[in-house]
Structures are given as structure tokens and as C-alpha cells.
Amino acid sequence: MVSIHGLPASEPEQVALGARLRRWRTERATDVDTLAEAIGMTPAGLRLVEAGRARMTSAQVSAATRVLGLPIWALTSDTAAH
């Protein structure tokens with residue numbers, strides 16, 4: 001993938017996870033600063049994740065699901081695990 005404006009290229013999986021995270025964070029009425037602090041990221045870093053321009057560690061994904069009260073699949077898949 002090609003870089004735009006010096007930012008790393010996005011991978012489809014990163015973009016999808018970021019979009020899911022933003023959607024759930026908004027639905028749970030949690031602001032960026034609060035979630036970022038709770039999962040050990042900066043607000044700017046979390047915004048990059050939500051834009052699909054940065055990755056989260058597995059520990060950060062797990063922490064985000066705990067903070068937002070979600071099962072892990074809610075951020076990693078569009079299909080519920082059975």
C-alpha cells in the first residue's frame with residue numbers, strides 16, 4: 001500500500017478494527033481521552049488507531065473490550081462468535 005502525507009499505509013484489518021472501536025466507543029459514550037488513558041495509549045495514538053493508521057497490541061484490544069464492556073469479537077470481527 002502507498003503512504004499518504006508521510007503516514008503509513010493502512011491495512012484493511014486495521015481500518016476495520018479502528019472503525020469498530022470508534023463505533024463502540026461512541027455507542028458507549030466514552031470519549032477518546034478516557035479510553036486512551038484506560039488502555040495505556042495517548043489520545044493521539046487512539047485517534048490513529050480509529051483512523052486505521054496505527055495498530056493496537058493484543059493487550060490494548062483486550063483492555064478496550066473490558067473498558068467498553070464488549071466481548072473480544074466485537075472489535076476483531078463483524079460476526080458474533082458462537
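1. Let's start with helix α3 and what it leans on. The buried residues of α3 pack against α1 and α2. Those residues are Gly45, Leu46, Val49 and Glu50. Their arc around the axis is only 140°, so they sit on the same side of α3. Past the end of the helix, Gly52 comes just after α3 and has a positive phi of about 80°.

2. A word on what we're looking at: this is a predicted model. The mean pLDDT for the protein chain is 89, with 85% of the residues scoring at least 70. Among the helices, α2 has the highest confidence, at 98, and α5 the lowest, at a mean of 94. For the rest, the usual caution applies: where pLDDT is low, the predicted coordinates should not be read in detail.

3. The overall layout is quick to describe. The protein chain holds five helices and zero strands, so to speak an α-α-α-α-α order when read from the N terminus. It has 82 residues, of which 35% count as buried. If you take the contacts with a separation of 6 or more, 55% of them join residues 24 or more positions apart. About 5,000 Å² of the protein chain is exposed, and carbon and sulfur atoms account for 58% of that area.

4. Now α1, which covers residues 12–27. Its 16 residues reach 22 Å from the first C-alpha to the last, close to the 22 Å expected at 1.5 Å a residue. Which residues of α1 are buried? They are Gln14, Leu17, Gly18, Arg20, Leu21, Trp24 and Arg25. These residues lie on the same side of α1, because the arc they cover around the axis is only 165°. The background is familiar: an α-helix has 3.6 residues a turn, so residues three or four places apart point the same way. Pro12, Thr26 and Glu27 are exposed on the other side of α1. As for partners, the buried residues of α1 pack against α2 (32–39), α3 (43–50), α4 (58–68) and α5 (73–76).

5. The loop between α1 and α2 is worth a look, since two of its residues make a nice pair to discuss. Ala29 is found in this loop, and its phi is near 55°, a positive value in a residue other than glycine. That deserves a second glance on general grounds: most residues other than glycine have a negative phi. Ala29 counts as exposed, with a relative accessibility of 70%. Thr30 also has its place in the loop between α1 and α2. Is Thr30 buried or exposed? Thr30 is buried, because its relative accessible area is 15%, under the 20% cut-off. Setting aside neighbours within four places in sequence, Thr30 contacts Arg25, Leu35 and Leu68.

6. On to the largest nonpolar core, which has 18 residues; Leu21, Ile39, Leu46 and Met56 touch the most other members. Every one of α1, α2, α3, α4 and α5 supplies at least two residues of this core. That fits a general pattern: in soluble globular proteins, nonpolar side chains tend to be buried together. Take Met56 as a worked case: leaving out neighbours within four places in sequence, Met56 is in contact with Leu17, Leu21, Ile39, Met41, Val49, Val61 and Ala64.

7. Ala64 is a good place to follow that thread. Ala64 belongs to helix α4 and is buried, with a relative accessible area of 0%. Which residues does Ala64 contact, leaving aside its neighbours within four places in sequence? The list is Leu21, Leu35, Ile39, Met56 and Leu75. Ala64 and Leu75 are 11 residues apart along the chain, and 8.9 Å separates their C-alpha atoms.

8. Finally, Asp33, which is found in helix α2. Asp33 counts as partly exposed because its relative accessible area, 44%, falls between the 20% and 50% cut-offs. Leaving aside neighbours within four places in sequence, Asp33 is in contact with Pro43 and Arg47. Asp33 and Arg47 are 14 residues apart in sequence, with 9.7 Å between them in space, C-alpha to C-alpha.

Definitions and conventions: Residues are numbered from 1 along each chain as its sequence is written. Side-chain values use heavy atoms; hydrogens and water are left out. Helices (H or I, at least four residues) and strands (E, at least two) are DSSP runs, numbered from the N terminus. The expected span of a helix is 1.5 Å times one less than its number of residues. Buried means under 20% relative accessible area, exposed over 50%, partly exposed in between (1.4 Å probe, protein chains only). The arc is that of the directions from the helix axis to the C-beta atoms. Contact means heavy atoms within 4.5 Å. Accessible areas come from the Shrake-Rupley method with a 1.4 Å probe; for residues, only the protein chains shown count as cover. A nonpolar core is a set of buried Ala, Val, Leu, Ile, Met, Phe, Trp, Tyr and Cys residues joined through side-chain atoms within 4.5 Å. pLDDT is the predictor's confidence in each residue, from 0 to 100.
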